[in-house]
Amino acid sequence: MLKYILRRLVMLIPVLLGVSILTFSLIHLIPGDPARSMLGEKSTESQLEQLREELGLNDPYVVQYGRFVGKILRGDLGESVKSQEEISVEIASRLPATVELTVFAMILAMVVGILAGVIAAVKQYSWFDNLSMSGALFGVSLPIFWLGLMMIWLFSVKLNILPASGRMSNDIELHTITNFYLLDSLITGNWAAFKDVFSHLLMPGIALGTIPMAIIARMTRSSMLEVMKQDYIRTASAKGLARHLIVFQHALKNAFLPVLTVIGLQFGLLLGGAVLTETIFSWPGIGRYVYLAVMGRDYPVVQSSILIIAVIFVLVNLITDLLYKYFDPRISYD
Amino acid sequence: MAAIPQTSPTPPEVPEQKTTATPKSSSLWLDAFSRLIRSKTSFIGLLIILLLLVVAAMAPVVATHDPTDQQLLDRYLAPSGDHWLGTDELGRDIYSRIVYGTRISIQIGLIAVGISAVIGILLGGIAGYFGRWIDQIIMRVIDILMAFPSILLAIALVAVLGASLTNAMIAIGIVGVPQFARIVRSTVLSVKETEYIEAARAIGAKNNRILFQHVLPNCLAPIIVQATLSIGTAILDAAGLSFLGLGAQPPSPEWGAMLSDGRAALQTAPWVVAFPGLAIFLVVLGFNLFGDGLRDALDPRLKQ
């Protein structure tokens, strides 16, 4: 297993190199002068020259790329053109917010999606099956930014029961340890903060989690239907095993592999969808950071954030692959 | 020997004719089509797509107002007999804007998916057919593209190319390439091992001819399914980009841009946001339902 993990890590190198080349090239895809594009038409020639010098745009491509990779390997992502702050520091302060939101959305999607998929498969063609699968079909077609805005209108404007933006109310105090607010409030036993953070997470989490939820539900159902036809399920049933044990221990564990693949891939969707969701809910994470950078033409920030998100996505997919072994010991890695 | 009963409980003529007759030969496409329209969900999908096409073609007839005509005195009017879906921040008729927006959605769907399909089919076809190092290089490039969450890569591309509907379509087209390339490659891998390809090679057909005239035409079924499902995704992604201000620019009645414009008035005039979003949802649902049905209809394993 360790050998396999090492081999997979080595195989990541060309992908990560490619990712770095693509993100590096972004700035060179800008039509015309990137420096002028960033500083605007009113900038003076000396300001432009200074920025070109800072970003190393006057050097040959190969030198620029070498420096780009060298800096990344040292953990230096450069400086924001707008705020002049270190991008790595800015990303590090926003990453927990995005991770908290995406993980919350994914847990929501998995719990509801898998449960709905299992029940739909066990009670095939029942009203629940029809209802949940129609819901799933609708779910994959929903524009999340629209869903987000409609939820704000209903729950914040009309009913006034959920907050429309941010991670936590201003009047709540929380001692942060991990910067994952939900976790921090649990660790410190701060129930007022927990309730407040949870209510802030709910709408963006649902908006972000709806599409993965629908996809997971459909995948679980079809995978479960396949497994429930197998002989070992009939055997388990014949020897008088309780229904819930058959479904959850025998069938679901075997049906989970394709679902796991989908979950891994959906993480990418969540990280991408975070840009839209965080923009709507003013969620102070990387997605909103990317959006503001795009709007402000802060290309080094766009470059670095996208690189970081791609690396996270690649690693999540690697972890998904490694989890296969747990769910299907038949898979041989040698 | 037992006597064969002279009377049978049910008249066997009709079923017998059915079972003994040689199966009527029908093409894959005809067969798939008949299965497709028998499925309730894909039929609804087809109806939605047809409705979209009719509305787009007849937009000037179907619309009640000029989609860009501003009536500043009629700002944020609620839905009424005169303005069926209300008016927006510039007093424009939302219903008419949604009607004209269908044209933009079709344009986005076809052009973006066209870009993905052409590049993806070429890359996947070449990788699968020629194999070896060409396959390795092409598929590694595809892996790299797939390392980015697609909407994020599209946002980054539009950010550098400049915000416009054309650039949004190009970006969405590019991020859609990997899916086509992978599907085509895997189909080509199985098709190229068939006997008719061997026969074509035996009579001396050149690689180009085999690939483009024999292999790729036999990969059409999965390509069409992917294209249908991709149109829905492309419309959704383009609306997302326009919502962020990176796609269609004012005063274009693109649905995502309309939604974005209406955000500021969500509290007082929710219809400005609600209806364009419903339109996006309906059209994407249509393509998803139809694409799903198409996949089932073209899948020979599900053939009765």
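**Exercise 1. What is the mean pLDDT of chain B, and what percentage of its residues reach 70 or more?**

*Solution.* Begin by recalling that this is a predicted model, and then take the average for the chain: the mean pLDDT of chain B is 87. Next, consider the cut-off of 70, which 90% of the residues of chain B reach or exceed. Finally, look at the start of the chain, where residues 1-20 of chain B have a pLDDT below 50 and where, beyond near neighbours in sequence, the stretch makes zero contacts in the model. For the model as a whole, the scores are ipTM 0.89 and pTM 0.88.

**Exercise 2. Describe the side of chain B that touches chain A.**

*Solution.* First, establish the extent of the interface, in which 37 residues of chain B are in contact with 40 residues of chain A. Second, identify the elements of chain B that give two or more residues to this side, namely helix H6 (132-146), helix H7 (150-161), helix H12 (220-243) and helix H14 (271-298). Third, note that H14(B) supplies the largest share, with nine residues. Fourth, sort the residues on this side of chain B by character, which gives 26 nonpolar, eight polar and three charged.

**Exercise 3. Compare a record with the model for two spans of chain A.**

*Solution.* Start with the record: UniProt, in an unreviewed entry, places the feature "transmembrane region" at several spans of chain A, including residues 255-281 and 301-324. Then turn to the model, where residues 255-281 of chain A are 96% helix and 0% strand, with end C-alpha atoms 36 Å apart. Lastly, residues 301-324 of chain A are 100% helix and 0% strand, and their end C-alpha atoms lie 35 Å apart.

Note on methods
Residues are numbered from 1 along each chain as its sequence is written. Chains are lettered from A and ligands numbered from 1 in the order in which they are written. This is a predicted model: local features need pLDDT of at least 70, side-chain atom pairs count only at pLDDT 80 or more; totals for chains, interfaces and linings use all residues. Two residues are in contact if their C-beta atoms, placed from the backbone, lie within 7 Å. Helices (H or I, at least four residues) and strands (E, at least two) are DSSP runs, numbered from the N terminus. Ala, Val, Leu, Ile, Met, Phe, Trp, Tyr, Cys and Pro count as nonpolar, Asp, Glu, Lys and Arg as charged, and the others, Gly among them, as polar. pLDDT is the predictor's confidence in each residue, from 0 to 100. UniProt positions are given in the numbering used here, feature names are shortened, and annotations may be inferred rather than shown by experiment.
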